[in-house]
Amino acid sequence: MSEDTTKHEFQAEVSQLLDIVINSLYTDREIFVRELVSNASDALEKMRHTSLTEKQVHQPDRELQIEITTDEEAGTITFQDAGIGMTREELEQNLGTIAHSGSKQFVKAMAEKDQKESGLIGQFGVGFYSAFMVGDKVEVFSRSWKPESENLVWTSDGKTGYTIDTVDEEVDRGSKIVVHIREDFKEYATTEKLKSILQNYSSFVSFPLLLGEDRINTVEALWRKRKKEITAEEYTEFYKFTSNAFDDPRFTMHFQASEPIELNALLFVPEQNTELFGFGQMESGVSLYCKNVLIDAKPEGLLPEWLRFLRGVIDSADIPLNISRESMQDSTLVRKIGQVITKRFIKFLDGEAKNETEKYNDFYAKFGRFLKEGVVIDHDNREKIAGLIRFESSMTEKGETTSFADYLTKAKEDQDKIYYLIGPDRATIESGPYLEAFKARGLEVIFLFDQVDEYLVQHLGEFDGKQLLAANSGGIDLDDDPAAEAEGDSLAEDDITALTEFLTEEFGDRVEKVTASKRLIGSPVAALTPENGMNAQMRGMMRAMNPEEAAPPVKVDFEINPRHELIKNLAAVRESDPETAKMVAAHLFDNALLDAGLLEDRKDLISRGFDLLGAVLKR
Ligand code: ADP
């Protein structure tokens, strides 16, 4: 060590990550080669881009390539690139900390759980640190592209921290990573082994890749090749290489167009939705290229937010090469590209839904939330995305799904509404009082179980011109379908009037109105959401947004079933024993609210229940 050696400790998350990496999380150790080549390739892409805008570059004429050498005797592998290199601060920042919050959360989760159990690590490139899977010492010689930069070496054993040193002799621009291979993994330090590893994905490296004297790739951009010339394996390898992924892509969309914009897009949907595991928001992994040259690895505003689960590449020959990040964001061309790709991708999913239904449904089960988000936030494509939404309904079996389009093919001729019910699960919705009238009339009701579904229906509003309407809203005028008319005698008109007046009086301002229902069949009563009123989901949303504020009092349309024994008896008891009738009415009201998900004060339900039981026993 020289005088100016500085010693550093790894950030806690890095130590944890290294611990996971070293302790055999990966069965597949050879991936470290891919990770280091991928970093080298990124650094070269950045260099190519930097030299378009910067005049002063250290060693401007250095060939943009990656050189790999091995020393079997010494047991080392060296990866040298002529990329942008790193300054002292960058070495500390990039190789001593994990800046990305998603990775931090991941490391935390992994440290808590049994690490080996989870196949999830593939979603998170551990990148550079993978070198410690096979190495017990790693040196990174680096020299930034910036003029007057230092000659530096970063050294670590992957355990106790790292040092940064200046080097006396001149370091070439870029980075040279020397991995000292552990005794038990010496086989990796042989040329044959390395060659076979590199060949898997070398063709996706867009710079010359040299192993010793041998050039092992011809540079080609897979996305610009013709589809017919690409195999499924190549697509998968490309996905893994560019996305630092370990899983296989569940969908691959290769899209090429020349009009109105010249575009080549190769997009992947990963196997896992890591947001479902609580690892924070996924980050878009689609990079923007112009004729094979990387413009931006994380272009903001290119694709809409809800497509953040996509991985891959978009290449357009029409983008000016030296476009800056800032001007890119408000470039009409970039926006246009985003729109074209979004529409294409929606169409692609639609095709998959039709032709590969099972595969699509599996995708939907994991990624459906993104589509719902799309309906809510993506005005331009709202209806198209809504076409991709799947749900159970009163006409599907449990666990089977349908779509809005399917729904409409089954709709009655004059039906101008799409009915839905939101509830925690199928059984709850089916046992509630709202469904029976629709079932009796052969009207399909969509079942929605997700918390975000209230937002979904509110933002969508209608599909194919048909209004979406909650089946538990008041004021739905269902036909007097004789076949659907409930069996049995009804209370007389006078008795109905007397009873509804009595109940209106009893319930006071907790009801908008009390009416005799046409829709109820097996249930005695139901609480409905009045027009312009708030249902349980809206109240829930309001509470979530303003937890401090008291929600407005519950107000419902109350319907009674004049054909139901209980209601007929209530009408009789109202005259003979009004006190008991009041207790029964209160209890019915509580139960109706409970069914509607609107019973917010449970203690009254219980005490009123006891009062009623007491009254029954006294008789
Ligand atoms: P990732 O590549 O996913 O960001 P890594 O752990 O592989 O994560 O690398 C961390 C950072 O270190 C990179 O983002 C990059 O800024 C820097 N880096 C790694 N390798 C190189 C290299 N060969 N040349 C320049 N910078 C590099």
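A cavity is here a set of grid points where a 1.4 Å probe fits but cannot get out, and its lining residues have an atom within 4 Å of a point. In the predicted model described here, the second largest cavity is lined by Tyr420, Ile422, Glu454, Ala470, Asn472, Asn535 and Gln537. By class, this lining comprises three nonpolar residues, three polar residues and one charged residue. The volume of the second largest cavity is about 30 Å³.

Two cavities of 30 Å³ or more were found in total. The largest cavity has a volume of about 40 Å³, and its lining is formed by Tyr434, Asn472, Ala527, Leu528, Thr529, Asn535, Ala536, Ala596 and Leu598. Six of these lining residues are nonpolar and three are polar, with no charged residue in the lining of the largest cavity. Asn472 and Asn535 appear in the lining of the largest cavity and also in that of the second largest cavity.

The domain assignment divides the chain into four parts: domain 1 (6-215), domain 2 (222-359), domain 3 (391-470) and domain 4, which is made up of two segments (488-531 + 544-618). Between the C-alpha centres of domain 1 and domain 4 there is a distance of 70 Å.

An open pocket was located at the boundary of two of these domains. Because domain 3 (391-470) and domain 4 (488-531 + 544-618) both contribute residues to the lining of the second largest pocket, this pocket lies between them. Its volume is about 710 Å³. A total of 33 residues line the second largest pocket, and those nearest its centre are Lys417, Tyr419, Gln467, Leu469 and Ile476. Two or more lining residues are supplied by each of strand E16 (417-422), helix H14 (453-460) and strand E19 (466-470). Of the elements, E19 makes the greatest contribution to the lining of the second largest pocket, with four residues. The composition of this lining is mixed, with 11 nonpolar, 12 polar and 10 charged residues.

The surroundings of the ligand were examined next. The shell around the ligand consists of Asn39, Ala43, Asp81, Met86, Asn94, Leu95, Gly127, Phe128 and Ser175. Four of these residues are nonpolar, four are polar and one is charged. Polar contacts to the ligand involve both side-chain and backbone atoms. An N or O atom in the side chain of Asn94 lies 3.1 Å from an oxygen atom of the ligand, while a backbone N or O atom of Phe128 is 2.8 Å from a ligand oxygen atom. In addition, a nitrogen atom of the ligand lies 3.2 Å from an N or O atom in the side chain of Ser175. The ligand taken alone exposes 530 Å², of which the protein buries 75%. Helix H2 (31-53) and helix H3 (88-96) are the elements that each provide two or more residues to the shell around the ligand.

Two features of the backbone were noted in loops between strands. The peptide bond from Glu259 to Pro260 is cis, and its omega is near -5 degrees. Pro260 belongs to the loop that connects strand E10 (251-257) with strand E11 (263-269). Glu148, although not a glycine, has a positive phi of about 65 degrees. The loop that holds Glu148 runs between strand E4 (135-143) and strand E5 (152-156).

Terms used
Residues are numbered from 1 along each chain as its sequence is written. This is a predicted model: local features need pLDDT of at least 70, side-chain atom pairs count only at pLDDT 80 or more; totals for chains, interfaces and linings use all residues. Side-chain values use heavy atoms; hydrogens and water are left out. Domain bounds come from an automatic or database domain assignment. On a 1 Å grid over the protein atoms alone, a cavity is a set of points where a 1.4 Å probe fits but cannot get out, and a pocket is an open set with protein on both sides within 12 Å along at least five of seven lines; lining residues have an atom within 4 Å of a point. Grid points are joined across faces, edges and corners, and a volume is the space filled by probe spheres set on the points. Ala, Val, Leu, Ile, Met, Phe, Trp, Tyr, Cys and Pro count as nonpolar, Asp, Glu, Lys and Arg as charged, and the others, Gly among them, as polar. A residue is near a molecule or strand if one of its heavy atoms lies within 4 Å of it. A polar contact is a pair of N or O atoms within 3.5 Å; within protein, one must be able to donate a hydrogen and the other to accept it, and residues adjacent in sequence count only if both atoms are side-chain atoms. Accessible areas come from the Shrake-Rupley method with a 1.4 Å probe; for residues, only the protein chains shown count as cover.
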